[in-house]
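Ready for a few hands-on exercises? Take a look at the sequence and the 3D view, then try each task before you read its solution.

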Amino acid sequence: MSIATESVKSQDDQMGFASDGDQYLTFALGEEQYGVEILRVQEIKGYTGVTRIPNTPNYVKGVLNLRGTIVPIVDLRMKFGMEQQEYDKKTVIIVVEVKGRIMGIIVDAVSDVMNIAAKDIQPAPEFGSMVDVGFINGIGSYGEKLVAFLDIDRVLSVSGTEEFDVPETEQ
Amino acid sequence: MDFDKSQFFDVFYEETAEHLVAMEGLLLNLDVLSPDSEELNAIFRAVHSIKGGAGTFGFDKLTKVAHAFETVLDKVRKSELALKSEMVDIFLEGGDVLKEILEAYKEEGEIDMTSSIDIIERLKVVSGDVLKTEESPKKTKTKPTEKTKKVSEVVDEEEKDLGFGFFDDDPPIEDSDPESHSEVEAEKDPGFGFFDDEESVSGSSAEKAEETISTSGVAKTPIKKIRPEKAAKAQAEATSIRIGVEKVDQLFNQVGEIVITQAMLAQTASHLDPEIFEKLENGLVQLERNTRDLQESVMAIRMVPIRMVFSRFPRLVRDMKKAFKKELELVMIGEETEIDKGFIEKLSDPLTHLLRNSFDHGIESPEDRKAAGKDPMGTIILEASHQGGNVVIEVRDNGAGLNRERILAKAAEQGMSIPENISDAEVWNLIFAAGFSTAKKVSDISGRGVGMDVVKKNVQSMGGMVEIESEEGVGSRFIIRLPLTLAIIEGMVVKVGKEVYILPITSIVESMRPKENEIKTIMERGELVNMRGEYLPIVRLAELFGTESDVTDPTKGVLSVIESDGGRVAVLVDELLGQQQVVIKSMETNFKKVNGIAGATILGDGHVAFIIDVRAIRSFAGHEEQMFVG
């Protein structure tokens, strides 16, 4: 993993791209910008209908057929407890790899790919119990905008966090 | 270097296991009178390959046994040593020992060398000093009794009085299979002792002929017939390659994807004007045909002949016959029937159990059979065939059949509730209950009551069903129906509101639209439907899955009665959309186990539909019932 990243970096150097730092895919949720490591992103596709999974939390929108693979899809707005929004033409699903699993996140729109050095990433701010920043690795700036870098493993962890483990007696 | 080798171990284990299976099959088919040199060579080669492989990878203990084995086989194939049926026994045991050692290496467990040392000694004895074996007390004792037996099995009690001379040219003896004779278990019946001379004159006894090393024409003919087939088979095997299952599965997925894309294209093109797009349409029709062929070809890769399971049973029967005083013939039909590779391992246990069951409970003792006017030699037929979209495997015997009264008495004894006017089929189903056994005495083989329930469970886990047919005094039939492959099930597509689910056909007993007077409630909540006198709890799928349905009144929807583990519930759905084969995809690959869902599948339009976990739904219903009681 680290080797691969390094070779990418050195290539970037040679080709005159901004050196130093990792590449992130940034996307929008409303006015806010978020980023995920680009190496984790498998593909980006427009929103299509999903099949709802019974007895799962509402932010698990359902599953999708991705070339024969059944891929669970999470609505990031719902996961973060943000206001819901109608899906439109800009709505996309970012397919990411999480601990060997393939999963998708629904976001408002994809923004850009950015390079940022580790030293330019600030630790996530603390809001106490007001806002849960457990999913955020750190923050950084991209031009005028603030980008929150996501710990995608934690956002989409299947085991370990209670959120995905649905109580059996819900019905 | 060691690390490098270890990656080949699995291949070695697999290949060795295959060699052992092949060797056992060859040994069992071997004609002791006139062993086919090609077969002897094949056995030799199998052991030689095992020895070679074991040597390369440093499995010394395996090498040692294989070496002793090989020495004897080499002498036999060079005709330096005459083959004897005792030798076949020792070879078979040798195969077992090799198998044990192999397993031990595989599991990295302790290897018990006592059995190896024993078998090496015995192999040395047969190879080195032939006279010594013949003089050994064990041999001299068994020989006459075996001979005796041979006569006793073809002679009926009544025929005995007719005079013995006519046996000399009695056609049944001539026709009988020499192999089965030589395998027959000894039976002590002093009155038959003097047949020995008679027998040797007739020359039809395998044992006798073996001593004189004469080759009777009767024995030779069937072998000649088989030979060209075998040669062809050997050639087919030689051109095969070994590939990982995951590669095949990947191919399967990709082809599935093409099928869906093709369906999508066809749908899109159906809106176009056929006159302008004639060529496109022709191309799409061609594409459809090709993709379907491709899908079938890919599925065929996973298919292997059921012979891989059946091959172990002649040995089992041989051993059982040795251990018990019963006479029977095992007939195997349809060994070339192809089944999914994934079934091979899972089928072994249930079939072994059914076979033992037929042997132990079904086939009567020779005396009983004679008394009932039957051929003292029982028959168990193991048959595989393709019927529609299923693989059907039957174990049938011409034994006593199931005993209705005994099963009912046993069921009552175990406190099972038995409905009145219970049909035969329902009585037979009782034996699938856990802990059920009607065996008068517990034997080594079966009758411990831990069997039929496991058989049923195993078969169900493969998405199959077991049926029983039986007639007292005539015999019984156990029929296993399996889907063609593990990855595909026959499903009933059902609609609930906007959602579509798949119910496995094998678990649906029937579907019906209830009348109003058939719906009852308990405490205004628990709904029940009266199915011809039996009240079944109703499970509303929409409620269970927290979705909306168009139908709230059961009399406007459809109730599908599903069965699992012997219990039934009625599932309420909006409507049945039709029956189709669906490819099972795991939910756990990218997500996790979801309650009430056995897996997912992709429908023709590319959408995902869930396959309902029937067992879980049953337990949901169970919970509700319990809640009502509490």
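## Strands of chain B

Strand β13 (residues 534-540) of chain B runs parallel to β15(B), and three bridges join the two. Helices and strands here are DSSP runs, H or I over at least four residues for a helix and E over at least two for a strand, numbered from the N terminus. Two strands pair if DSSP finds at least two bridges between them.

Before you start: this is a predicted model, where local features need pLDDT of at least 70, side-chain atom pairs count only at pLDDT 80 or more, and totals for chains, interfaces and linings use all residues. Residues are numbered from 1 along each chain as its sequence is written, while chains are lettered from A and ligands numbered from 1 in the order in which they are written.

**Exercise 1.** Find the bridge partners in β15(B) of B:Val539, B:Arg540 and B:Ser564.

*Solution.*
- Step one: start on β13(B), where B:Val539 has B:Val571 as its bridge partner.
- Step two: go on to B:Arg540, whose partner in β15(B) is B:Leu572.
- Step three: turn to strand β14 (residues 558-564) of chain B, which runs antiparallel to β15(B) and is joined to it by seven bridges. Here B:Ser564 is matched with B:Gly567.

**Exercise 2.** Work out how the sheet around β15(B) is ordered, and which strands stand at its edges.

*Solution.*
- Step one: read the order, β10-β14-β15-β13-β12-β11 (chain B), an open sheet of six strands with mixed pairing.
- Step two: look at the ends. β10 (508-512) and β11 (519-522) of chain B each have a single partner strand, so one side of each has no neighbour in the sheet.
- Step three: check the twist. On average, neighbouring strands of this sheet are turned by 35° against each other, direction ignored. The angle is taken between axes, lines fitted to C-alpha atoms (for helices over the stretch in contact), and angles run from 0 to 180 degrees between N-to-C directions.
- Step four: ask how covered strand β15 (residues 567-573) of chain B is. Five of its seven residues are buried, where buried means 20 or more other C-beta atoms within 10 Å of a residue's own, exposed means 12 or fewer, and partly exposed lies in between, with C-beta atoms placed from the backbone.

## Two helices and two loops

**Exercise 3.** Describe how α17(B) and α21(B) cross.

*Solution.*
- Step one: get the geometry. The axes of helix α17 (residues 341-362) and helix α21 (residues 452-461) of chain B come within 9 Å and cross at roughly 150°.
- Step two: name the arrangement. The two helices α17(B) and α21(B) are therefore roughly antiparallel; the label is for angles over 145 degrees, with under 35 roughly parallel, 65 to 115 roughly perpendicular and the rest oblique.
- Step three: find who meets whom. In α17(B), B:Lys346, B:Asp349, B:Pro350, B:His353 and B:Leu354 meet B:Val454, B:Val455, B:Asn458 and B:Val459 in α21(B). Contact here means C-beta atoms, placed from the backbone, within 7 Å.
- Step four: sort them by class. This helix contact has five nonpolar, two polar and two charged residues. Nonpolar covers Ala, Val, Leu, Ile, Met, Phe, Trp, Tyr, Cys and Pro, charged covers Asp, Glu, Lys and Arg, and the others, Gly among them, are polar.

**Exercise 4.** Locate B:Ser79 and B:Arg532, and decide whether each is buried or exposed.

*Solution.*
- Step one: B:Ser79 sits in the loop between α3 (60-77) and α4 (85-106) of chain B. Its phi is near 60°, a positive value in a residue other than glycine. B:Ser79 counts as exposed because it has 11 C-beta neighbours inside 10 Å.
- Step two: B:Arg532 lies in the loop between β12 (526-531) and β13 of chain B. Phi of B:Arg532 is positive too, near 45°. With 5 C-beta neighbours inside 10 Å, B:Arg532 counts as exposed.

## Over to chain A

**Exercise 5.** Say which elements of chain A touch chain B, and which one gives the most residues.

*Solution.*
- Step one: count both sides. Chain A puts 22 residues into the contact and chain B puts in 26 residues.
- Step two: β4 (60-66), β5 (69-75) and β7 (101-107) of chain A are the elements that give two or more residues to chain A's side.
- Step three: β5(A) gives the most, with four residues.

Terms used
Contact = placed C-beta atoms within 7 Å.
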